[in-house]
Amino acid sequence: MKKKAYIETYGCQMNVNDTEVIFSILEGAGYERTEEMDQADLVMANTCSIRDNAEQRIWGRIEVFNQLRSRRPGLVVGIVGCMAERLKDKLLDTRKVDLVVGPDAYRSLPRLLEAIAPGSPQIDVLLSRDETYADITPVRTDKNGISAFISIMRGCNNVCSYCVVPYTRGAERSRDAHSIVREACDVYQKGYKEVTLLGQNVDSYLWKSETETVNFANLLERVAAIAPDLRVRFATSHPKDISDEVIYTMAAHPNICKHIHLPVQSGSSRMLDIMRRKYDREWYLERVAKIREVMPDCGLTTDVIAGFCSETPQDHQDTLTLMEAVGFDWAFMFAYSDRPGTLANRTMKDDVPAEEKNRRLNEIIELQNRKSLERYRAQIGRTLEVLVEGPSKRDPAMLCGRASNNMMCVFPAASRSKGSYTQVVVKDCTSATLICE
Ligand code: SAH
Ligand code: SF4
Ligand code: F3S
């Protein structure tokens with residue numbers, strides 16, 4: 001009988017895709033996927049280190065896994081992903097886990113699983129310069145069979161001073177363009193209608209062979225050319241690197257969705273400088289202006305950090321005025337969390353008190369909620385093309401799906417089925433959903 005593997009995934013979409021790669025590797029080692037933790041022979045968490053609270057959650061899950069193991073001796077408990085990379089020794093010292101594997105070492109899972117014995121946990125956290133898992137076909141774990149994630153690169157070469165990713169994921173490397181196009185063709189043939197190309201900074205995608213050089217705009221073009229009814233999305237874009245070529249390529253292809261996730265982090269040029277983002281407020285606003293000039297209906301979302309080292313009330317105001325000026329559809333908003341080993345951790349003081357960070361964060365959230373509602377309201381009366389994802393969560397009598405600009409729409413079921421495109425007219429909205437007919 002096949003052994004069963006259960007994996008919980010935390011963190012970003014890249015981790016979601018990594019879990020799919022891990023399942024594929026485990027299949028080769030005689031495991032099959034289960035969604036029931038209680039039935040598993042192998043229980044793993046694919047972890048995230050981006051903020052302290054992300055890690056705290058995982059420590060809690062490790063306790064739960066260990067309780068399970070005390071009831072079921074022989075159960076293997078593994079920690080993989082960014083936190084495995086960052087806390088390798090600590091995870092092993094506590095003797096609580098059997099397996100610690102970093103993001104570039106998943107190919108060694110079968111060997112490590114073989115080698116596990118009582119008292120001899122296994123570890124591989126080597127980072128790689130060239131691993132992209134290009135030849136591995138992920139075992140899709142999405143529920144709807146409509147939308148697939150495809151990683152196009154790994155790691156990150158930026159050193160934003162607050163960020164742990166370069167340390168947990170290693171250097172940036174781009175995946176073979178042909179293997180990306182092949183994977184997109186493959187999911188399209190399996191019935192998927194949307195692919196999302198993933199990387200920490202997709203705009204710096206660059207793949208070279210002896211005969212060709214492919215940048216991100218070229219790659220978008222190739223994936224868009226697969227089929228007119230295959231939607232193409234991507235994340236994340238970096239303000240310093242998003243080029244006019246990428247913007248014009250998006251505009252030129254109706255099936256490249258008009259949505260850009262463009263994390264700003266702060267509206268203060270002084271903060272952006274010490275965050276080492278390599279752009280300033282003016283540059284960011286210019287990129288937004290360009291995007292809107294070329295694609296007036298393009299959806300724009302962002303990430304914001306409140307209370308980074310030395311942030312003054314004036315810096316915070318600059319963030320609020322930038323958010324007011326741009327009017328994002330949606331934002332991920334965070335209080336700054338000091339991460340061991342980062343440049344900020346080593347050379348700056350985490351000097352905004354927790355209370356003040358949260359006060360600023362709440363102000364940011366309040367402003368964004370108001371802006372989201374404005375942005376969604378502005379859609380009322382418009383006709384949008386939606387890719388039907390399935391029944392709406394709130395009301396199963398309704399269907400839901402995203403518009404090109406990434407806004408979620410709900411509409412009456414009528415005769416439309418999952419995976420088809422339909423035109424809807426926006427009648428009403430909340431700050432996160434368009435209510436359509
Ligand atoms: N590569 C992407 C973002 C990756 S991490 C980019 O460069 O934009 C996702 C988001 O987490 C970041 O955009 C940032 O807003 C947030 N983040 C990263 N490190 C953080 C920290 N130490 N504290 C709080 N938020 C952080
Ligand atoms: Fe982190 Fe900056 Fe890289 Fe994004 S670009 S992953 S924020 S270092
Ligand atoms: Fe978290 Fe690692 Fe992604 S730290 S956000 S899982 S790259």
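Trainee: Is cysteine 400 buried or exposed, and how do I read that?

Mentor: Buried means under 20% relative accessible area, exposed over 50%, and partly exposed in between, using a 1.4 Å probe and protein chains only. Cysteine 400 has 12% relative accessibility, so it counts as buried. Do keep in mind that this is a predicted model, where local features need pLDDT of at least 70, side-chain atom pairs count only at pLDDT 80 or more, and totals for chains, interfaces and linings use all residues. Side-chain values use heavy atoms, with hydrogens and water left out, residues are numbered from 1 along each chain as its sequence is written, and chains are lettered from A and ligands numbered from 1 in the order in which they are written.

Trainee: Why does cysteine 400 form no bond with cysteine 409?

Mentor: A disulfide is a covalent bond between the sulfur atoms of two cysteines; here the pair has to lie within 2.5 Å. Cysteine 409 holds the closest cysteine sulfur to that of cysteine 400, but at 9.4 Å the two are too far apart for a bond. By this rule, the model has zero disulfides.

Trainee: Which residues are around ligand 2?

Mentor: A residue counts as near if one of its heavy atoms lies within 4 Å. Around ligand 2 you will find Cys156, Cys160 and Cys163, and others including Tyr162, His238 and Arg277. Cysteine 160 is buried, at 10% relative accessible area. By class, this shell has six nonpolar, three polar and one charged residues.

Trainee: And which residues are around ligand 3?

Mentor: Among them are Cys12, Cys48, Cys82, Arg169 and Gln200. That shell divides into four nonpolar, four polar and one charged. Gln200 also appears in the list for ligand 2.

Trainee: Which residues touch the most other members of the largest nonpolar core?

Mentor: In soluble globular proteins, nonpolar side chains tend to be buried together. A core here is a set of buried Ala, Val, Leu, Ile, Met, Phe, Trp, Tyr and Cys residues joined through side-chain atoms within 4.5 Å. The largest has 67 residues, and Leu197, Tyr205, Phe216 and Leu219 touch the most other members. Helix 8 (residues 216-224) gives the most to this core, with six residues. Apart from it lies another core of 24 residues, including Trp59 and Val97.

Trainee: Where is threonine 319?

Mentor: Threonine 319 sits in helix 12 (residues 313-326), helices being DSSP runs of H or I with at least four residues. At 2% relative accessibility, threonine 319 is buried. Leaving out residues up to four places away in sequence, threonine 319 touches Ser266, Gly267, Ser268, Val304 and Ile364, where contact means heavy atoms within 4.5 Å.

Technical notes. Nonpolar A, V, L, I, M, F, W, Y, C, P; charged D, E, K, R; others polar. Helix = DSSP H or I, 4+ residues; strand = E, 2+ residues; numbered from the N terminus.
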